[in-house]
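Let us take a walk through a protein chain together, one step at a time. Have the picture ready and turn it as you read.

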Amino acid sequence: MQIVIKIVRWVVGSLILFFNWVFTPRSIKRETALQATIDQQTAGLSLYQYPACPFCVKVRRAMKRNSLNIQTVDAKRCETSKKELVEGGGKLKVPCLRVEENTGEVRWMYESSEIISYLEDKVSVLQAA
Ligand SMILES: N[C@@H](CCC(=O)N[C@@H](CS)C(=O)NCC(=O)O)C(=O)O
């Protein structure tokens, strides 16, 4: 039974990655200076995620659409990253955005919809400035 579940998970995960690849969203193009500002303002962010998790794919697609060059951390295969997530965020659940403020304060944000809203709000504020 375990092997069947593993196979089903692998097939579903592969389909998610395949369709994500086929329907990759277009990245927004910005002036170099604005993109540099956004890169600088998002340098303290990192997304803890699993490659084939649908909620993580949703967040990665939002990052791609908004041309956000945020570091992604594979909490599935990398034991060190998994430990960082559990110790820092409090639970093994992805996606989780690690937000390091300029003050050095660190927050861990769970829930794909909340992460996307946070990123899109940040981009809007920077673009409007
Ligand atoms: N409502 C959450 C759902 C996230 C979720 O269920 N993530 C799964 C992976 S797809 C998870 O982390 N499960 C715990 C585990 O795999 O250990 C969201 O939108 O971010």
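In which sense do β1 and strand β2 pair, and over how many bridges? Find β1, residues 45-49, and then β2, residues 71-74. The two pair in the parallel sense, over four bridges. If you would like one spot to look at, Tyr48 stands opposite Val73 in β2. Please keep in mind that you are looking at a predicted model.

Now let us step back for the overall plan. The chain has 129 residues, and its secondary structure comes to five helices and four strands. Reading from the N terminus, the order of the elements is α-α-β-α-β-α-β-β-α. The C-alpha trace spans about 55 × 35 × 20 Å along its principal axes. Of the residues, 33% count as buried. The accessible surface comes to about 8400 Å², and carbon and sulfur atoms account for 58% of that surface. Among contacts with a separation of 6 or more, 62% are between residues 24 or more positions apart. As for charge, the chain carries 19 positive and 13 negative charges, and the mean positions of the two groups are 9 Å apart.

Back to β1, which is a good place to practise reading a strand. Is β1 enclosed or open? Five of its five residues are buried, so the strand is largely enclosed by the rest of the structure. Here buried means under 20% relative accessible area. Look at the directions of the side chains next: Leu45, Leu47 and Gln49 point one way, while Ser46 and Tyr48 point the other way. There is a simple rule behind such a pattern, because in a regular strand the side chains alternate between the two faces of the sheet. In β1 the residues pointing either way are all buried.

β1 has another partner besides the one you have met. Four bridges join β1 to strand β3, residues 96-100, and these two run antiparallel. Along this pairing, Ser46 stands opposite Arg98, and Leu47 stands opposite Leu97. How does the chain get from β1 to β2? Helix α3, residues 54-65, belongs to this part, and β1, α3 and β2 make a right-handed β-α-β unit.

Follow β3 onward and you come to β4, residues 106-110. Five bridges join β3 to β4, and the two run antiparallel. Glu100 stands opposite Val106 in β4. The hairpin of β3 and β4 has five residues between the strands, and in this hairpin Gly104 takes a positive phi near 100°.

Some loops hold backbone details that reward a closer look. Just before β3, in the loop between α4 and β3, you will find Pro95. A cis peptide bond joins Val94 and Pro95, with omega about 0°. Ser67 is in the loop between α3 and β2, and its phi is near 50°, a positive value in a residue other than glycine. Glu111, in the loop between β4 and α5, also has a positive phi, near 80°. Are these two residues buried or exposed? Ser67 has 11% relative accessibility, so it counts as buried. Glu111 is at 43%, so it counts as partly exposed.

Ser67 also leads us to a helix. Gln35 lies in helix α2, residues 32-41. Leaving aside neighbours within four places in sequence, Gln35 is in contact with Arg30, Ser67 and Asn69. The relative accessible area of Gln35 is 14%, so this residue is buried.

Our last stop is Ile16 in helix α1, residues 2-22. With a relative accessible area of 22%, Ile16 is partly exposed. Which residues does Ile16 touch, leaving aside its neighbours within four places in sequence? The contacts are with Ala52, Pro54 and Val57. Pro54 and Val57 fall in the range of α3, residues 54-65. For a sense of distance, pick out Ile16 and Glu120, which are 104 residues apart along the chain; their C-alpha atoms are separated by 23 Å.

Definitions and conventions: Residues are numbered from 1 along each chain as its sequence is written. This is a predicted model: local features need pLDDT of at least 70, side-chain atom pairs count only at pLDDT 80 or more; totals for chains, interfaces and linings use all residues. Side-chain values use heavy atoms; hydrogens and water are left out. Buried means under 20% relative accessible area, exposed over 50%, partly exposed in between (1.4 Å probe, protein chains only). Two strands pair if DSSP finds at least two bridges between them. A crossover is right-handed if, with the strands pointing away from the viewer, the path from the first strand over the helix to the second runs clockwise. Contact means heavy atoms within 4.5 Å. Accessible areas come from the Shrake-Rupley method with a 1.4 Å probe; for residues, only the protein chains shown count as cover. Lys and Arg count as positive and Asp and Glu as negative; His and the chain ends are not counted. The place of a charge is taken as NZ of Lys, CZ of Arg, CG of Asp or CD of Glu.
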